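Please open the structure in a viewer and keep the selection panel at hand. The tour below proceeds from one selection to the next.

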Amino acid sequence: MSLGGLRRHRAGPRLALGCVSVAFALLAWQSVNTFHIIPSGLLASPAQVVAALIDISRHGYRGTSLGEDIGATLLRALGGFAVGTIVGVPLGLWMGMNRFAAAGANWIVQFLRPLPPLSFLVLLMLWLGTGDVAKVGLLALTAFPIIASATFAAVAAVPVQKIQAAASLGASRGQIFRHVMLPAALPTISTGLRIALAAAFSTVVAAELMAGSDGLGWMIFSASQFLRNDIILLGIIILGLLGMALSSLLLGLDRGLIHWRGRE
Amino acid sequence: MPDQPLAETLTASADAFVRFEGVSVTYGSGTAQATPALSPTDLAFARGDFVCIVGPSGCGKTTLMQTLAGFLPPTGGRVSVGGVEVSGPGPDRGVVFQQAALFPWKTVAANAGFGPAMRGLPRTEQKERVEYWLRSVGLWDFRDRYPYQLSGGMQQRLAIARALANEPELLLMDEPFGALDALTREKMQEELHAVWKRRGMTVLFITHSVDEAVYLGTEVVVMSRRPGRILERIPAPFARIAGERDIRRIKAGADFVALREQVLELIWGEGG
Ligand SMILES: Nc1ncnc2c1ncn2[C@@H]1O[C@H](COP(=O)(O)OP(=O)(O)OP(=O)(O)O)[C@@H](O)[C@H]1O
Ligand SMILES: [Mg+2]
């Protein structure tokens with residue numbers, strides 16, 4: 001196999017393989033039901049989940065429509081992600097350009113980064129209430145250290161020769177930043193953004209589990225109290241699909257815009 | 001340096017354009033891993049010279065060039081260009097690196113025009129220069145591509161065009177043809193020579209190829225092993241041959257071969 005083959009996969013077989021594995025998972029799920037491997041009271045069948053989907057999209061779930069729940073979850077995740085980006089990218093850039101900024105901010109960022117976000121959700125709820133402000137704040141706190149670290153690392157890894165080349169061609173510091181540092185760092189920053197969005201998305205559900213009256217996380221938590229495992233499964237599937245859609249959206253932007261990724 | 005009379009006289013002479021005075025470099029000085037890379041070095045040359053530096057690997061050639069480019073402040077001594085001490089990189093000194101160091105997010109044309117664009121030259125002049133230099137290195141047809149769509153040799157030609165489009169007085173080249181095949185390499189040597197003849201800029205050129213150094217240089221500077229110092233400076237006549245040149249004829253000539261062997265012997269003496 002050529003080395004190029006390690007990276008490139010043709011779209012046709014990839015699509016087929018994906019479909020096969022999904023079909024296989026659905027089949028396995030159906031068999032678990034058909035052969036009562038797990039009691040049907042604990043695991044709804046695919047048909048029951050589809051029925052739940054039809055029911056909820058017609059009548060909503062406990063006063064909120066499915067669209068509202070999806071919208072609420074998406075808005076929170078994207079809101080927190082946006083705030084995290086607006087704070088994290090400039091901070092990371094500043095840290096990468098300025099040794100004092102790096103020394104000053106890095107410990108705080110590295111302290112925040114591995115913390116499970118839910119550990120400070122309680123504090124945030126005490127300060128900001130149980131509404132959206134606390135949740136968006138929590139997600140921003142989740143995304144921001146990831147984004148700042150990635151951006152910092154990206155800027156620090158810009159090849160010094162490219163900077164020297166620009167300087168010896170007469171570029172000013174500002175021009176070097178804009179025309180060399182930023183585009184050279186962009187691939188790594190973009191990867192950081194994708195990881196941060198995934199983190200924010202998985203945290204939003206947890207946050208909605210703990211407090212709230214709408215959103216997919218809330219729907220799942222509420223359904224668990226009524227032992228409606230068809231709705232729980234439905235919520236999980238919608239969440240998974242949304243997460244996939246978001247990350248492939250960012251990936252598509254990355255592939256479309258950052259054509260120089262991985263190339264010299 | 002007492003054992004370098006030629007350097008002495010040129011250093012003292014008034015027409016020196018580039019001047020290294022007692023320039024030494026020790027990497028990580030003051031630490032346990034202090035590496036002396038360059039012994040105190042005096043070297044001066046005139047405007048329009050084409051100075052080729054050869055010497056064993058790791059002897060400090062790149063280090064010497066970096067002090068002139070302004071990327072590396074010397075540990076001791078001073079470097080000056082046209083009487084002004086070097087304190088950082090600037091557009092008067094174009095640099096071509098061994099690895100092309102292009103900007104893959106910009107097109108070939110934008111790479112070539114980077115210097116003029118950053119310096120805010122009038123748009124028409126930017127365009128003229130890009131076209132002129134891309135045509136001279138044979139990349140005009142590739143102007144809308146990206147650098148990663150070019151072969152290694154084409155990338156190197158683009159790096160040279162990018163440096164030349166800025167029309168620097170001084171061109172610093174660090175093994176620019178090191179990665180090229182023999183044929184492309186000789187073509188590039190001819191192109192570079194033609195450009196130098198036409199524009200008369202001053203060139204400092206590092207190479208591992210003695211053949212290349214003797215062919216291109218008005219002078220060949222041989223350096224010792226690390227920490228490098230200048231062993232000998234040998235004037236070379238071939239760059240100044242007037243009129244039509246035939247690269248193969250010149251390189252096969254007896255006087256060319258003799259000079260090449262003289263330089264090779266010096267390097268062999270260094271065990272490099
Ligand atoms: N950044 C650095 N830190 C520490 N030591 C260095 C550094 N750069 C170079 N050196 C050392 O300085 C010496 C001279 O390096 P330099 O790159 O100038 O050699 P060179 O003559 O250009 O070699 P080559 O022909 O292989 O390119 C080398 O022995 C190297 O180990
Ligand atoms: Mg070198």
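Which order do the strands of the open sheet of 4 strands in chain B have? The order is E2-E1-E4-E5, with antiparallel pairing; strands (E, at least two residues) and helices (H or I, at least four) are DSSP runs numbered from the N terminus, and two strands pair if DSSP finds at least two bridges between them.

A note on conventions is in order before the next selection. This is a predicted model, in which local features need pLDDT of at least 70 and side-chain atom pairs count only at pLDDT 80 or more, while totals for chains, interfaces and linings use all residues. Residues are numbered from 1 along each chain as its sequence is written, chains are lettered from A and ligands numbered from 1 in the order in which they are written, and side-chain values use heavy atoms, with hydrogens and water left out.

**The sheet of 4 strands**

Select strands E2 (35-46) and E5 (84-85) of chain B. Both stand at the edges with a single partner strand each, so one side of each is left without a neighbour in the sheet. Next, add strand E1 (residues 16-27) of chain B, which pairs with E2(B) in the antiparallel sense over 8 bridges. Two bridges may be picked out here: Arg19(B) has Ala44(B) as its partner in E2(B), and Tyr27(B) has Thr35(B). E1(B) also pairs with E4(B), again in the antiparallel sense, over 5 bridges. There, Glu21(B) stands opposite Arg78(B) in E4(B).

**The sheet of 6 strands**

Now select the other open sheet of chain B, with the order E6-E7-E8-E3-E9-E10 and mixed pairing. Its edges are strand E6 (93-96) and strand E10 (230-235) of chain B; each has a single partner strand, so one side of each is left without a neighbour in the sheet. Neighbouring strands of this sheet are turned by 15 degrees against each other on average, direction ignored. Within the sheet, strand E3 (residues 50-54) and strand E8 (residues 202-206) of chain B run parallel and are joined by 4 bridges. Phe50(B) finds its bridge partner in E8(B) at Val203(B).

H2(B) packs on this sheet, touching E3, E6, strand E7 (170-174), E8 and strand E9 (219-223) of chain B; contact means heavy atoms within 4.5 Å. The direction of H2(B) makes about 150 degrees with that of E7(B), where axes are lines fitted to C-alpha atoms, for helices over the stretch in contact, and angles run from 0 to 180 degrees between N-to-C directions. Select also helix H10 (residues 254-269) of chain B, which lies across E3, E9 and E10 of chain B and runs at about 180 degrees to E10(B).

**Ligand 1**

Centre the view on ligand 1. Which helix gives the most to the shell around ligand 1? Helix H2 (residues 61-69) of chain B does, with 3 residues. Among the residues around the ligand (a heavy atom within 4 Å) are Tyr27(B), Glu175(B), His208(B) and Arg226(B).

Three distances to oxygen atoms of ligand 1 can be displayed:

- Ser57(B), from an N or O atom in the side chain: 2.6 Å.
- Gly58(B), from a backbone N or O atom: 2.7 Å.
- Lys61(B), from a polar side-chain atom: 2.7 Å.

**Chain A**

Finally, select chain A, which has 11 helices and 0 strands. Along its principal axes, the C-alpha trace of chain A spans about 70 × 55 × 30 Å.

Note on methods:
Polar contact = N/O pair within 3.5 Å; in protein donor to acceptor, adjacent residues only side chain to side chain.
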